[in-house]
Amino acid sequence: MRIDVVTLFPDFIRQSAELGVVGRAGERGLMQVACWNPRDYATDNYRRVDDRPFGGGPGMLMLIDPLRACLAAARQAAPEPAPVIYLSPQGERLTQRKVRQLAALPRLILLCGRYEGIDERLVASEVDEELSVGDYVLSGGELGAAIVIDAVGRLQEGALHHAESATQDSFEDGLLDCPHYTRPVEHELGTVPEVLRSGDHAAIARWRRQQALGRTWLRRPDLLARISLSKADQALLEAFRRDWLA
Ligand SMILES: c1cc(-c2cnc[nH]2)ccn1
C-alpha cells in the first residue's frame, strides 16, 4: 500500500511513520509513505499557503492553488488511483470497519489542513471524503493522518508478528478487547485468572469472549447494540451479567 500525505509538517508524518509496526511495514516494503508540502508549490515570493477568510472571523485559511498543485504532484507520483481523504472534524467518524476498508485499497492520499481549514472550493473539487478521528478540534490534520497510517499499516499482510493479534484487537469483531495478563502469576496487585493458566484452550477462548462481551456491555453498550450475538454469545453475556449484578 502507498500513502501520500499532503502536509505543511512532513517531518512529523515521517517520524510517526517510522515507529513500531508501521515502521516495520515500511522496512518490509508492505507500505510506502510519501509527504508533499504545499509550501513547495506556493508561487509567490513569500511562499504563501494561507490567507484571511472572507466575511471576517479568526485565523487563516489554506489557499486553493498551492494545495491543488501539491495534490496534482502527489497523484502523479504513482500510477494507482487513490481517494483524496481530508482529515477534518466535519468528516465521517473513523471506525475499525472504515480502517479495514481503507487498508484494502492500493493507495490513499491524505490531505492535512492547518489554520482554520481549507477554502471550500478546493474541498468540493478535490476531496473524495472527509474523515474525523474524534469530536474535538486539533491544530491540524496531521495527528489524524498519523492515526490512519498506523491503523491501516498494522493491517497490512505481514506487518504484525502474529497475524492473530490483528484479528483479536479491540473492535476487530465489534467488541472491546478482553483483559490480558503476563508474569508473575501472584502479585500484590492480584493473581492471574486460573483459567488462563489451565492449558484448556477452549475454556480460555470462552473466558476471553465472555470478558470482551461483558466489557463491551459495561463500557460501550452502543457497540453491543450494533452487532447480532450468537446464542452462545448471548449465554456467555447473560452469565457475565448475572455475576456482575450478584
Ligand atoms: C480529524 C481532523 C481534525 C482537525 C483538523 N484540523 C483541526 N482539527 C479533528 C478531528 N479529526
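**Strand pairing, salt bridges and aromatic contacts in the predicted model**

In this predicted model, strand β5, which spans residues 84-93, pairs with strand β6 in the parallel sense, and the pairing runs over 4 bridges. Within this pairing, L87 has C112 of β6 as its bridge partner. Strand β6 also pairs with strand β1, which covers residues 2-6; this pairing is again in the parallel sense and comprises 5 bridges. Here I3 is the residue that stands opposite L108 of β6.

Strand β6 itself consists of residues 107-112, and 6 of its 6 residues are buried, so the strand is largely enclosed by the rest of the structure. Its residues point in two directions: R107, I109 and L111 point one way, whereas L108, L110 and C112 point the other way. Burial applies to all of these residues, whichever way they point from β6. Two of the residues named in the strand pairings therefore belong to this enclosed strand, namely L108, which lies opposite I3, and C112, the partner of L87, in a strand whose 6 residues are buried.

Salt bridges form a second group of contacts, and the structure holds 18 of them. One of these joins the side chains of D119 and R121, with an N to O distance of 2.6 Å. The partners of this salt bridge lie in contrasting surroundings. D119 has a relative accessibility of 17% and, because buried means under 20%, counts as buried. R121, by contrast, reaches 55% and counts as exposed, because the cut-off for that class is over 50%.

A further salt bridge links R220 and D222, whose closest N and O atoms are 2.8 Å apart. In this case D222 is partly exposed, its relative accessible area being 34%, and R220 is likewise partly exposed, at 30% relative accessibility.

Helix α10, formed by residues 231-245, contains both E238 and R241. These residues form a salt bridge in which the closest N and O atoms are 3.1 Å apart. They are 3 residues apart along the helix, a separation of about one turn. R241 counts as partly exposed at 24% relative accessibility, and E238 counts as partly exposed at 35%. Elsewhere, salt bridges with shared partners join R2, D4 and R107 into one network. Of these residues, R107 is one of the buried residues of β6.

Aromatic contacts were also examined, and the count comes to 3 aromatic pairs. One of them is formed by W217 and F240, which are arranged edge-to-face, with a centre to centre distance of 6.2 Å and 85 degrees between the planes. This pair links distant parts of the chain, since W217 belongs to helix α8 (residues 201-219) and F240 to helix α10, 23 residues apart. F240 is buried, with a relative accessible area of 11%. The ring of F240 also pairs with that of W244: the centres are 6.1 Å apart and the planes lie at 10 degrees, so this pair is stacked. F240 and W244 are 4 residues apart in helix α10, which places them about one helical turn from each other. Together, W217, F240 and W244 form one aromatic cluster.

Definitions and conventions: Residues are numbered from 1 along each chain as its sequence is written. This is a predicted model: local features need pLDDT of at least 70, side-chain atom pairs count only at pLDDT 80 or more; totals for chains, interfaces and linings use all residues. Side-chain values use heavy atoms; hydrogens and water are left out. Buried means under 20% relative accessible area, exposed over 50%, partly exposed in between (1.4 Å probe, protein chains only). Two strands pair if DSSP finds at least two bridges between them. A salt bridge is a side-chain nitrogen of Lys or Arg within 4 Å of a carboxyl oxygen of Asp or Glu. Rings of Phe, Tyr and Trp (its six-membered ring) pair if their centres lie within 6.5 Å; planes under 30 degrees apart count as stacked, over 60 as edge-to-face and the rest as tilted.
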